[in-house]
Structures are given as structure tokens and as C-alpha cells.
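Colleague: I'm new to this, so could we go through the model together? I'll ask, and you walk me through your reasoning.

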Amino acid sequence: MKPKAYIASKVSSEVKEYLDQHCECEYWQGAEAITGAQLAERLADAEGLLVSGNAISERLLGSAPKLRVVSNVSVGYNNNDLNAMRSRGIIGTHTPYVLDDTVADLTLALMLAAARRVTELHNLVRSGGWQRGIGPSLFGVDVHHAKLGIIGMGRIGEMVAKRAKFGFDMDVSYYNRNRKPEAEQKLGLSYLPLNELLAQSDFVVLLAPLTPETKRMIGAEQFTLMKPTAAFINVSRGENVDEAALVEALRSGTIRAAALDVYEKEPVSVDNPLLQLDNVVTLPHIGSATAATRNRMAMLAAENLVEALYGREPKYVIPELKA
Ligand code: DGY
């Protein structure tokens with residue numbers, strides 16, 4: 001008999017065909033993403049769960065007595081209660097590597113948008129505000145040859161550094177828990193302590209994963225260290241930043257601009273003050289959201305799920321849950 005799996009994330013027909021070959025699957029059919037409550041109602045018989053973004057909490061696991069595997073369609077797994085999963089012996093997997101280039105592309109898009117005020121000027125044109133040539137008050141800043149500071153030098157950090165260095169001839173430094181001598185040599189990066197990186201960079205890009213150590217690692221104190229001309233780009237997790245302090249830094253001119261793919265609370269509310277500021281570019285957490293990459297992630301998540309359900313070692317077990 002095939003193991004039972006609940007597929008809470010939308011998948012392509014190719015991924016569905018693969019899943020159906022190996023599991024008895026039930027699929028979420030709603031047009032919107034499934035909520036936690038809806039998910040909890042559907043897990044009574046599931047041995048496997050393929051999911052994207054929902055909280056995997058003690059409470060949710062309580063409604064899933066037969067669950068053996070949670071396969072996340074994401075590289076980040078901060079939404080998984082690892083202790084709860086560990087104590088129930090649940091295998092957790094994720095999808096690293098396949099999205100690195102795509103997230104790096106988006107990071108560059110955000111940096112360019114913040115530098116050249118792309119969304120602000122897009123809105124100006126659309127609203128009929130383009131009467132003649134724009135004046136200095138709407139000029140941007142150069143990306144080429146500027147100083148880029150990357151916080152978090154994992155695989156995506158390296159991809160961003162490569163694009164910045166070889167595409168835009170930027171002067172790239174990084175801060176990371178551990179130094180990466182190989183990346184330093186290969187990409188010509190310099191390592192800086194966090195405070196120095198903040199003080200020297202024209203663009204600060206945050207790519208560190210959300211962990212208890214990185215939570216709110218950027219707040220009022222860190223913004224004060226940054227140049228008043230600097231732009232802050234966050235493609236990691238919103239909870240790594242004190243969002244109220246970011247709003248204040250942008251309002252007061254402590255920093256020049258921000259470009260964000262992630263927020264403390266997602267989806268971001270229309271009342272969030274960040275959405276009222278012209279010097280902020282906002283995107284709806286789309287780091288990996290190209291059709292090709294999301295399909296690769298879904299296929300990898302499906303393979304992880306099947307391998308684990310059949311008692312084999314899946315390719316990408318969440319590192320903290322490895323035996
Ligand atoms: C992930 O997979 O964790 C990323 O946030 C996707 O954008």
C-alpha cells in the first residue's frame with residue numbers, strides 16, 4: 001500500500017505525476033494558500049506533508065498523529081518547530097541549492113531599484129507627474145564601483161557577491177559567523193566585523209537565515225552606524241530586523257532607502273508604515289518565485305518526501321534534525 005500524503009502546496013502536473021506514482025495523495029484545491037486551521041483539519045491520516053510557508057507547530061502536529069515526514073518547499077525552515085518535530089521523530093526536509101541563482105538575481109534587482117529609485121519613478125510616470133526632465137531631487141546613486149556589504153555569506157551570498165563583483169565592479173565585503181577564505185579568494189571579498197561593514201557600505205544586503213542568534217540583529221543601533229546615503233536590502237527574513245527601527249531610520253534620513261522582500265509579519269498589512277514611504281521598494285516575498293525555480297523546488301521537495309516515506313535517506317534533511 002502506498003503511503004498517504006497531504007500536498008498543501010501547488011505543484012505542476014509533472015510533480016503531481018511523480019507524487020501520485022509513489023503516494024496516495026490528497027491535494028489542497030483552494031485558490032488561496034492554505035491556512036493553518038485548514039491544514040490542521042486535513043492531516044488526520046497523513047503520513048507525509050508537502051508544504052510551503054505554513055507554521056509547523058506543536059499544535060499542528062497534534063492534529064497529525066500519523067505524520068512521519070514534513071517536506072518544506074523552501075530553503076528556510078524557521079517556520080518549523082524543530083523541537084516538536086524531533087520529539088515526535090518527524091523527519092523534516094528542505095530545498096537548498098536549486099534557488100540560489102534566482103534569489104541572487106532578485107537581490108540585485110532590489111539593489112538596482114533602491115539605487116535608481118525605480119518604483120518611485122515608475123509611480124511618478126504612472127500618476128502623470130512627469131512634466132519635464134526630472135531634477136536633482138529625484139536623481140539616484142550609482143551601483144557600479146560602490147561598496148557592497150553582505151551579511152550572511154552562504155551560497156546565495158556568494159552568488160550575489162559574484163554578480164556584484166564581476167557584473168558591477170563593486171567593492172564587496174561580507175560578515176558571517178565563520179570566515180570563508182575560499183570565497184574571499186575566489187571572489188576577491190574582504191571580511192569585515194559587522195559594525196565596520198555597516199559603517200563602510202553604500203549597500204547593505206541581509207541574507208542571514210533566521211535563527212535565535214540572528215533575530216532582530218539589525219535595529220536602531222545598527223542603522224545609526226550606517227551611512228546616511230546607504231540603502232538596506234533584506235532578502236532573508238523580516239524578523240531579522242527591528243521593523244519599527246527601520247521605519248524610523250528611513251523617516252529620519254538615518255539611511256537613504258530600503259528594498260525589502262520580507263517583513264516581520266507576512267503578508268504585510270496595508271497599514272504597515274513601510275508602505276507609505278517613497279524611499280522603500282516592497283515585494284511580496286518572491287525571492288525564489290520564478291516558474292522554473294519553484295518547479296525545481298517542488299520536485300526536490302517531492303523527492304525528499306518520497307525518499308523519507310519509503311525509509312530511505314532524503315537528499316536534504318534539515319541539518320538540525322539529522323541523526
Ligand atoms: C525560501 O525558500 O526560504 C525563500 O525565502 C524563498 O523565497
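Modeller: Sure, and keep in mind that this is a predicted model. Let's start with Val125, which has a relative accessible area of 46%. Buried would need under 20% and exposed over 50%, so Val125 ends up as partly exposed.

Colleague: Okay, and which helix is Val125 found in?

Modeller: Look along the chain for the helix that spans 118–126. Val125 sits in that helix, α6.

Colleague: Which residues make a nonpolar surface patch with Val125?

Modeller: The patch covers about 420 Å². Besides Val125, its members are Trp130, Ile134 and Phe139.

Colleague: Now for Arg117: is it buried or exposed?

Modeller: First, find Arg117 in the loop between α5 (100–116) and α6 (118–126). Its phi is near 55°, a positive value in a residue other than glycine. Its relative accessible area is 19%, and the cut-off is under 20%, so Arg117 counts as buried.

Colleague: And His145, is that one buried or exposed?

Modeller: His145 also isn't a glycine, yet has a positive phi of about 70°. You'll find His145 in the loop between α6 and β6 (147–151). Its relative accessibility is 54%, and the cut-off is over 50%, so His145 is exposed.

Colleague: Last one: what is the peptide bond from Glu266 to Pro267, cis or trans?

Modeller: Go to the loop between β11 (257–260) and β12 (280–282), where Pro267 lies. Omega for the bond from Glu266 to Pro267 is near -5°, and the bond is cis.

Definitions and conventions:
Residues numbered from 1 in each chain as written. Predicted model: local features only at pLDDT ≥ 70, side-chain atom pairs only at ≥ 80, totals over all residues. Heavy atoms only, no water. Helix = DSSP H or I, 4+ residues; strand = E, 2+ residues; numbered from the N terminus. Buried < 20%, exposed > 50% of the residue type's maximum accessible area, 1.4 Å probe, protein only. Patch = residues over 30% accessible without salt bridge, like charges linked within 9 Å, V, L, I, M, F, W, Y side chains within 5 Å. Areas by Shrake-Rupley, 256 points an atom, 1.4 Å probe, with all protein chains shown as cover. Salt bridge = Lys/Arg side-chain N within 4 Å of Asp/Glu carboxyl O.
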